Amino acid sequence: MSARIFSPAKTAMQSGKAKTGHWVLEFDPEMRKKIDPLMGYTTSGDMRSQIRLTFDTREEAVAYAEKEGLTYRVEEPKESKRRQISYAENFRYDRRTPWTH
């Protein structure tokens, strides 16, 4: 049984960083998902794919995985690089591409 531990990134619909500071432990899938021929739903017999454990810190998640005897891998979060620009940047005279309507 293997699992991955990661800190989720913010969704595309979020402008702030709310709900991103926690760590998640998810189990790796043990079998492939299948498409139900009648309804078209995606199904799986893997019950562990529904389990998603959240922890406040990375150390708590690692301690839980070691206590339960799980093989795990930790995926470090990637820091986003945010460019600070102002509204006046739209009207600079030395832009690379001209601003048009």
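The following dialogue considers how several features of this predicted model may be read.

Reader: Where should one begin with the strands, and in which sense do β1 and β2 pair?

Author: A general idea helps here: in a regular strand the side chains alternate between the two faces of the sheet. In this structure, β1 and β2 pair in the antiparallel sense, over 4 bridges. Within that pairing, F6 has V24 of β2 as its bridge partner. On the other hand, β1 and β6 run parallel and are joined by 5 bridges. There, S2 is partnered with T71 of β6.

Reader: Is E26 buried or exposed?

Author: The relative accessibility of E26 is 19%, so E26 counts as buried, the cut-off being under 20%. This residue belongs to strand β2, residues 23-27.

Reader: Which residues is E26 in contact with, beyond its neighbours within four places in sequence?

Author: Those residues are A3, R4, F6, I51 and R52. With R52 there is also a polar contact between the side chains, at 2.6 Å.

Reader: How should one read a helix, and which residues of α1 are buried?

Author: An α-helix has 3.6 residues a turn, so residues three or four places apart point the same way. In α1, which spans residues 58-68, the residues A61, V62 and A65 are buried. They lie on the same side of α1 because they cover an arc of only 95° around the axis. The face turned away from that buried side carries E59 and K67, which are exposed.

Reader: What covers the buried residues of α1?

Author: The cover includes β1, β2, β5 and β6. After α1 comes G69, with a positive phi near 75°.

Reader: How many aromatic pairs does a search of the whole structure find?

Author: The search finds 1 aromatic pair. It is formed by F55 and Y64, whose ring centres are 5.6 Å apart; their planes are at 40°, so the pair is tilted.

Reader: How do F55 and Y64 stand in terms of accessibility?

Author: F55 counts as buried, at 13% relative accessibility. Y64 is partly exposed, with a relative accessible area of 27%.

Reader: Which residue has its charged end over the ring of F6?

Author: That residue is R4, whose charged end sits 4.0 Å from the centre of the F6 ring. Another case involves F27: R48 lies over the face of its ring, at 5.9 Å from the ring centre.

Conventions: Residues numbered from 1 in each chain as written. Predicted model: local features only at pLDDT ≥ 70, side-chain atom pairs only at ≥ 80, totals over all residues. Heavy atoms only, no water. Helix = DSSP H or I, 4+ residues; strand = E, 2+ residues; numbered from the N terminus. Buried < 20%, exposed > 50% of the residue type's maximum accessible area, 1.4 Å probe, protein only. Polar contact = N/O pair within 3.5 Å; in protein donor to acceptor, adjacent residues only side chain to side chain. Contact = heavy atoms within 4.5 Å. Arc of directions from axis to C-beta. Pairing = 2+ DSSP bridges. Phe/Tyr/Trp six-rings, centres within 6.5 Å; stacked < 30°, edge-to-face > 60°. Lys NZ or Arg CZ within 6 Å of the ring centre and 35° of its normal.
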